[in-house]
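Reader: I would like to know how the labels attached to this model are justified. Please set each value against its cut-off.

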Amino acid sequence: MLSVLTRAGQPLTSVRANIKLAISGGQNEPRDAIAGATWALLGHPDQLERVRNGSVSWLAAFEEYARWISPIGMSPRRVARDFLWRDVDLQAESRVFLMFGSANRDEDVFDRADEFDVTRNTSKAVSFGAGPHFCAGAAASRSLIAEVALPRLFDILPKLRINGDVPFGGWAFRGPVSMPVAWG
Ligand code: HEM
């Protein structure tokens, strides 16, 4: 990644920022999403069964978890110039928060937005952001989580179950803080 970014002529500040994000994003988000999607499926056995019997893909289950919980729920932006958006007057140099978590539960876009439903069309979700800053690791995450981690976990531990409280924390980076499980 270092060599690709430098050869593309990225300034050192951008190279640093992207590497930093790949390290933090590359660990936090997949960790939170693997544990969280596992928790969501174990808590909805009928939906887990649909995935297990192949009528819904692991990718669909992961994408729905990412919409429902938004592992990155918020990202800050600097307003570059004065801008009027609807009746909101945004002033240059002020800071705003983009709320991915709110957009992902927009009831004008998603029916029963607060419910986890692996059969849902998640194509309008912004779990990986949107536009020029769309997640650089989205394809890697989809492959890592939906093609490797989740199917292998449920294959290797068919009796996996939640064994205690699963508290969630964070709103910029959101996921289970601890997740006691048993599989015997
Ligand atoms: C479930 C897993 C992940 C989720 C939900 C996620 C989510 C996001 C979101 C919402 C953004 C946009 C932030 C913004 O607009 O300010 C983003 C950006 C980014 N992500 Fe991820 N991410 C995940 C995994 C990863 C992984 C595995 C990597 C690297 C290996 C990664 C690297 C990055 C980088 C470098 C950016 C910045 C892109 C840019 O600003 O041009 N992410 N991610």
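Reader: How do you know that the length of α4 agrees with its number of residues?

Author: The model is a predicted one, and the check is simple arithmetic on it. Helix α4 covers residues 58–69. Its 12 residues, at 1.5 Å a residue, should span 16 Å, and the C-alpha atoms at its ends lie 16 Å apart, so the two values agree.

Reader: What makes α4 largely enclosed by the rest of the structure?

Author: A residue is called buried if 20 or more other C-beta atoms lie within 10 Å of its own. In α4, 11 of the 12 residues are buried, so the helix is largely enclosed. Among the buried residues are Trp58, Phe62, Tyr65 and Trp68, and also the charged residues Glu63, Glu64 and Arg67.

Reader: Which helices do these buried residues pack against?

Author: They pack against α2 (12–42), α3 (45–52) and α6.

Reader: Why is α4 called roughly perpendicular to α6?

Author: The axes of α4 and α6 (residues 138–156) cross at roughly 115 degrees and come within 9 Å. Angles of 65 to 115 degrees count as roughly perpendicular, so α4 is given that label with respect to α6. The crossing is right-handed. On the α4 side the contact is made by Trp58, Leu59 and Phe62, and on the α6 side by Arg142, Ile145, Ala146, Leu150 and Pro151. These residues divide into seven nonpolar, no polar and one charged.

Reader: Why is α2 called oblique to α6?

Author: Their axes cross at roughly 40 degrees and come within 11 Å. Angles under 35 degrees count as roughly parallel and those from 65 to 115 as roughly perpendicular. The value for α2 and α6 falls in neither range, so the pair is oblique. This crossing is right-handed. In α2, Glu29, Pro30, Ala33, Ile34, Ala37 and Thr38 take part, and they meet Ser141, Leu144, Ile145, Ala149, Leu150 and Leu153 of α6. The contact divides into nine nonpolar, two polar and one charged residue.

Reader: Ser70 comes just after α4. What makes Ser70 count as buried or exposed?

Author: Ser70 has 23 C-beta neighbours inside 10 Å. The cut-off for buried is 20 or more, so Ser70 counts as buried. Ser70 is placed in the loop between α4 and β1 (75–78).

Reader: Which residues is Ser70 in contact with, leaving aside its neighbours within four places in sequence?

Author: Ser70 is in contact with Phe100, Gly101, Asn104, Ser127 and Arg174. Ala125 is 55 residues from Ser70 in sequence, yet their C-alpha atoms are 9.3 Å apart in space.

Reader: What is the phi of Ser70, and what kind of residue has this value?

Author: Phi of Ser70 is near 55 degrees, which is positive, and the residue is not a glycine. Glu93 is another non-glycine residue with a positive phi, near 75 degrees.

Reader: Where does Glu93 lie, and does the count make Glu93 buried or exposed?

Author: Glu93 is in the loop between β3 (88–90) and β4 (95–98). A residue with 12 or fewer neighbours is exposed. Glu93 has 9 C-beta neighbours inside 10 Å, so Glu93 counts as exposed.

Conventions: Residues are numbered from 1 along each chain as its sequence is written. This is a predicted model: local features need pLDDT of at least 70, side-chain atom pairs count only at pLDDT 80 or more; totals for chains, interfaces and linings use all residues. Axes are lines fitted to C-alpha atoms, for helices over the stretch in contact, and angles run from 0 to 180 degrees between N-to-C directions. Helices (H or I, at least four residues) and strands (E, at least two) are DSSP runs, numbered from the N terminus. Angles under 35 degrees count as roughly parallel, over 145 as roughly antiparallel, 65 to 115 as roughly perpendicular and the rest as oblique. A crossing is left-handed if the near helix is turned anticlockwise from the far one by less than a right angle, and right-handed if clockwise. Two residues are in contact if their C-beta atoms, placed from the backbone, lie within 7 Å. The expected span of a helix is 1.5 Å times one less than its number of residues.
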